[in-house]
Amino acid sequence: MDSPSRVFAAIVPAGRELYGNEKEQGLEVRTVRRQSSGSCVREVQVTGTAEARCTADRASVRVSVGNSKESVDEATHSVSRRLGYILQALRQHDIREDDTVVRRFLQRDADLYRMDAEILVTFSDFEKMERVCSILLEKLDKSVCVGTPQFYHSDECLSQMRLRACVSAVENAHLKASKVSQLLGQSLGPPLLVREEETKEWRNDEEDGGGGQGPAPPSHFPSIPTVTASSQVSVSFSLRDRSRKKL
């Protein structure tokens, strides 16, 4: 009986841009011939990697107003009037009620009553956020405090990024396996096994606030964070000899 034969090949290309921000880092290919279920099976085992990035898609802004008066009614009325204007401005810009949280605080300070109100607003449209903040500062001036935007990633954004990285790693592995099978005079068959072996994530703060696109934001604006995810997969494909004729 002939002993099983093994052919090894390794291809490690330099990283190049794929699918926008997604990157291929390398590929290692091994071709193995082995006995399985009483029949001869040839397969190519491939490892592929890819990266995907996503910029923060949410921002929260804290807006607060407050005043001190000699009576509770006066303090409450003064703050409620400005609070009503803020909420009206948010509705006019189609900010959903689910994206706002309102809190009120009443306390006594010596002979005065102090009323404070705070609105935490979540934005998914950053241009709209800038317009709303500008309107509040323009109309209410020093009587309102608009905090610095805090940018973050939604769960959906992170989930989609991880999916893109994994799918692109599989696509890169399939592409290289196809090239190597052609080089070896084989036809690439269906996948036998797909396994994600390693995932990594890290955060980078984009100083230009847009991944290098568009004008830079004002210096007092916080940087918009970008998260990168990498995925490494191992994929096995069956191989068919091109020279074998169908019976």
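A residue is buried when its relative accessible area is under 20%, exposed when over 50%, and partly exposed in between. By this cut-off Phe126 counts as buried, because its relative accessibility is 19%. Phe151 falls in the buried class as well, at 13% relative accessibility. The model is a predicted one.

These two residues belong together. The structure holds one aromatic pair. Phe126 and Phe151 form this pair, with an edge-to-face arrangement. Their ring centres lie 5.0 Å apart, and the angle between the planes is 75°. The pair links distant parts of the chain. Phe126 sits in helix α2, whereas Phe151 sits in strand β10, which covers residues 150–152. The two are 25 residues apart.

The nonpolar interior was examined next. In soluble globular proteins, nonpolar side chains tend to be buried together. Here the largest nonpolar core has 27 residues. Val63, Ile86 and Met129 have the most contacts inside this core. Several elements contribute to the core, and β6 (58–69), α1 (72–92), β8, α2 and β9 each supply at least two of its residues. Strands and helices thus both appear among the contributors.

Val63 gives a closer view of these contacts. Residues up to four places away in sequence are not counted here. Val63 touches Ile86. It also touches Ala117, Glu118 and Ile119. Leu136 is a further partner of Val63, as are Val144, Cys145 and Val146. Apart from the 27-residue core lies another core, of eleven residues. Val46, Ala169, Val233 and Val235 are among the members of this other core.

Charged side chains were then surveyed. A search of the whole structure finds seven salt bridges. One of the salt bridges joins the side chains of Asp57 and Arg58, with an N to O distance of 3.2 Å. The partners differ in exposure class. Asp57 counts as buried because its relative accessibility is 18%. Arg58 has a relative accessible area of 25%, so it is partly exposed.

Another salt bridge connects Asp116 with Arg114. Their closest N and O atoms are 3.0 Å apart. Arg114 counts as partly exposed, at 28% relative accessibility. The side chains of Glu197 and Arg195 also meet in a salt bridge, at 3.3 Å from N to O. Glu197 is partly exposed, with a relative accessible area of 40%. Arg195 is partly exposed too, with a relative accessibility of 39%. Arg62, Arg103 and Glu118 are linked in a network of salt bridges. Glu118 of this network is also one of the residues that Val63 touches.

The backbone was considered last. Most residues other than glycine have a negative phi. Ala110 has a positive phi of about 60°, although it is not a glycine. Ala110 lies in the loop between β7 (100–109) and β8 (112–123). It counts as exposed because its relative accessibility is 60%. Asp141 likewise is not a glycine, and its phi is positive at about 55°. Asp141 lies in the loop between α2 (126–140) and β9 (144–146). The elements β8, α2 and β9 beside these loops are also among those that supply residues to the largest nonpolar core.

How values were computed. Residues are numbered from 1 along each chain as its sequence is written. This is a predicted model: local features need pLDDT of at least 70, side-chain atom pairs count only at pLDDT 80 or more; totals for chains, interfaces and linings use all residues. Side-chain values use heavy atoms; hydrogens and water are left out. Helices (H or I, at least four residues) and strands (E, at least two) are DSSP runs, numbered from the N terminus. Buried means under 20% relative accessible area, exposed over 50%, partly exposed in between (1.4 Å probe, protein chains only). A nonpolar core is a set of buried Ala, Val, Leu, Ile, Met, Phe, Trp, Tyr and Cys residues joined through side-chain atoms within 4.5 Å. Contact means heavy atoms within 4.5 Å. A salt bridge is a side-chain nitrogen of Lys or Arg within 4 Å of a carboxyl oxygen of Asp or Glu. Rings of Phe, Tyr and Trp (its six-membered ring) pair if their centres lie within 6.5 Å; planes under 30 degrees apart count as stacked, over 60 as edge-to-face and the rest as tilted.
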